[in-house]
Number of protein chains: 2
Amino acid sequence: MVPDEHAAADLARLRASIDNLDAALVHLLAERFRCTQEVGALKARSGMPPADPAREAYQIERLRGLAHSSGLDPAFAEKFLTLVIDEVIRNHEKIKHGSAPG
Amino acid sequence: MVPDEHAAADLARLRASIDNLDAALVHLLAERFRCTQEVGALKARSGMPPADPAREAYQIERLRGLAHSSGLDPAFAEKFLTLVIDEVIRNHEKIKHGSAPG
């Protein structure tokens, strides 16, 4: 059994790292959605459909590979990408139907 | 209407950025789960419960604030964090019950 004060200090140290990583993740996600907003506008302008199953299949395979090599559970990487892509497609549909802000 | 070849080139350029951002996201997520694996082991050793509602409420509020300032949809930030925390708690339960690999 670890003494309580050591456990509390270790927990605080790990949580500080987690909070830093979360801030980085949020900022990267913000930048990713900036890119996909541009993709959405481009697709709407040039008449391309919002979803692209071949691109999505490529992304899922690639992320599973990156997850494997970085020690992330590939099943989790796929769940994460699915969450992001669902949001992107919703945004693309909004742009297509003219209800996007800005 | 944008000429097709320009649209295709713009799409390829944006997708290259998205692929780079996704690689960065996967590596940050891998590092985040390394930290939470340590948290899980620490909690199991010192008898702390796997879930911590006060910590989760703090994280959600903080990420919503970071999302707002970085231009990410705060509702999406919350969905993202919920996905991650659910996975973390599942992993902590596994560690607690001794079925974690390694």
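**Two chains, one shared surface**

Let's start where the copies meet. Of the interface residues of chain A, 100% are also interface residues in chain B, so the copies meet through the same surface. Contact here means heavy atoms within 4.5 Å.

A word on the source. This is a predicted model: local features need pLDDT of at least 70, side-chain atom pairs count only at pLDDT 80 or more, and totals for chains, interfaces and linings use all residues. Residues are numbered from 1 along each chain as its sequence is written, chains are lettered from A and ligands numbered from 1 in the order in which they are written, and side-chain values use heavy atoms, with hydrogens and water left out.

Now the symmetry. A turn of 180° and a shift of 0.0 Å along the axis lay chain A on chain B, with an RMSD of 0.0 Å. That is the relation of a two-fold axis. In chain A, the C-alpha nearest the axis belongs to A:Leu25, 3.2 Å from it. The superposition is by least squares, on the C-alpha atoms of residues with pLDDT of at least 70 in both copies.

Next, the inside. A nonpolar core is a set of buried Ala, Val, Leu, Ile, Met, Phe, Trp, Tyr and Cys residues joined through side-chain atoms within 4.5 Å. Buried means under 20% relative accessible area, exposed over 50%, and partly exposed in between, with a 1.4 Å probe and protein chains only.

Which residues touch the most other members of the largest nonpolar core? They are A:Leu72, A:Phe80, B:Leu72 and B:Phe80, out of 46 residues. Two or more residues come from each of α1 (4–46), α2 (53–70) and α3 (74–96) of chain A, and from each of α1 (4–46), α2 (53–70) and α3 (74–96) of chain B. α1(A) gives the largest share, eleven residues. Helices are DSSP runs (H or I, at least four residues), and strands are too (E, at least two), numbered from the N terminus.

Apart from this core lies another, of eight residues, including A:Cys35 and B:Leu14. A:Cys35 is buried, at 7% relative accessible area. B:Cys35 is buried as well, also at 7%. How many disulfides are there over all chains? Zero, taking a disulfide as a pair of cysteine sulfur atoms within 2.5 Å.

Back to B:Phe80. Not counting residues up to four places away in sequence, B:Phe80 touches A:Leu25, A:Leu29, A:Phe80, A:Leu83 and B:Leu29. B:Phe80 is one of the buried residues of α3(B), and B:Glu87, B:Asn91 and B:His92 are among the others. The cover over them includes α1 and α3 of chain A, together with α1 and α2 of chain B.

How does α3(B) begin and end? At its N-terminal end, B:Asp73 is the cap, with a side-chain oxygen 3.0 Å from the backbone nitrogen of B:Ala75. Just after α3(B), B:Gly98 takes a positive phi of about 75°.

Over to α1(A). Its 43 residues reach 61 Å from first C-alpha to last, close to the expected 63 Å. That expectation is 1.5 Å times one less than the number of residues. A:Gly47, just after α1(A), has a positive phi of about 75°.

One last residue: A:Arg15, in helix α1 of chain A. Is A:Arg15 buried or exposed? It counts as buried, at 17% relative accessibility. Leaving aside neighbours within four places in sequence, A:Arg15 is in contact with B:Lys43, B:Asp52 and B:Arg55.

Key
Polar contact = N/O pair within 3.5 Å; in protein donor to acceptor, adjacent residues only side chain to side chain.
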